[in-house]
Amino acid sequence: MTTIAGNLQAVRAAMVAAAVSAGRTVDEIKLLAVSKNFPAPALREAYQAGQRCFAESYLQEALGKIADLQDLPVEWHFIGPIQSNKTRAIAENFSWVHSVDRLKIAERLAAQRPEHLPPLQVCLQVNISGEASKSGVQSDEVGALAEAVAVLPNLQLRGLMAIPAPTDKFAEQRAGFAQLRELRDQINLRGLRLDTLSMGMSHDFSAAIAEGATVVRVGSAIFGERS
Ligand SMILES: *Cc1c(COP(=O)(O)O)cnc(C)c1O
C-alpha cells in the first residue's frame, strides 16, 4: 500500500470512530482531500485508493490539476480566498465553493455559472471568534448574507464553513465548531434549510465530527506536510 493510501485508510478509520462515538453514521460525512501544494500524481494515487472529492485553495494551481485529471470523475471543491477576477473560472470548473464571504462574489458566481452545469454548491465562510484566517463574514452578518445568497439563480446555498484558531485541546476545538453549528441552526430558524457544516481539518476533524460536521477538509494527514 502507498503512503497516501495508508494515510487515507487511517483518516477514514478515525472518521468512523468519531462518528460512532457521536452516535452518527460516517455515511453522512464527506471527506475532502485537500490537495493544495501537491502535484497531480499524488491526487491520482488518492483516487486509486478510493478518494473522489478534492479541495484546492489556489485557482491557477487547481486549474492545472483539473486539466491533468480530466480522465477521472473527480468532484472539485474550491476552499481558498476568492478575488472578483477569479469567479468566472471557479464557476466554470468547480462543483462546490466553501469560501464565499460577501454578496458581490456570490452574485458574480451566480451570473457566471454555465447553464449546462448543475447549480454551484455554496457554503458561506464565517469568521467565528478566534478564526485563524482573516477571511469570512462576521457571525452577526451571516444571516443576512445567507438570505441574500439563497435567492440567487444557479447557486444552491448549502451551509457554513469556518477555520477556528488551532488548539490541541479537544474541548476547545469542540467549542469553536459548536459556534458554527449554532449559527447554522439560527439561520435555519429564518426559514432556510442549510444542511452542510464544512468544518474540521487534519488536527481537529474528530472534534468537528462530534459537533456535527458534514464535510471535513483534510490535507496533511493524507498527503503529508506541505513544504
Ligand atoms: C489547507 C486547508 C485545509 C487542510 O489543512 P490540513 O491541516 O492540512 O488538513 C482545510 N481547509 C482549508 C480552508 C485549508 O486552506
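This report looks at helix α1 and at the ligand site of a predicted model.

## Helix α1 and its length

Let's start with α1, which runs over residues 3–21. With 19 residues at 1.5 Å each, the helix should span 27 Å, and its end C-alpha atoms are indeed 27 Å apart, so the two agree. Just after α1 comes Gly23, which has a positive phi, near 70 degrees.

## Two sides of α1

Which residues of α1 are buried? They are Ile4, Ala5, Leu8, Val11, Met15, Ala18 and Ala19. These residues cover an arc of only 150 degrees around the axis, which means they sit on the same side of α1. Here's the general idea: an α-helix has 3.6 residues a turn, so residues three or four places apart point the same way.

Flip to the face turned away from that buried side and you'll find the exposed residues Thr3, Val20 and Ser21. As for the buried residues, they pack against β1 (30–34) and four other elements by name: α2 (40–48), α8 (205–210), β9 (215–218) and α9 (220–223).

## Around the ligand

Now for the ligand. The residues surrounding it include Val34, Lys36, Ser57, Ile79, Ile163 and Met201, along with Val218, Ser220 and Arg226.

Ser202, Arg217 and Gly219 are also among the surrounding residues, and here are their polar contacts. The side chain of Ser202 has an N or O atom 2.5 Å from an oxygen atom of the ligand. In Arg217, a side-chain N or O atom is 2.9 Å from a ligand nitrogen atom. Gly219 uses its backbone instead, with an N or O atom 2.8 Å from a ligand oxygen atom. On its own the ligand exposes 380 Å², and the protein buries 89% of that.

Notes. Residues numbered from 1 in each chain as written. Predicted model: local features only at pLDDT ≥ 70, side-chain atom pairs only at ≥ 80, totals over all residues. Heavy atoms only, no water. Helix = DSSP H or I, 4+ residues; strand = E, 2+ residues; numbered from the N terminus. Expected span 1.5 Å × (residues − 1). Buried < 20%, exposed > 50% of the residue type's maximum accessible area, 1.4 Å probe, protein only. Arc of directions from axis to C-beta. Contact = heavy atoms within 4.5 Å. Near = heavy atom within 4 Å. Polar contact = N/O pair within 3.5 Å; in protein donor to acceptor, adjacent residues only side chain to side chain. Areas by Shrake-Rupley, 256 points an atom, 1.4 Å probe, with all protein chains shown as cover.
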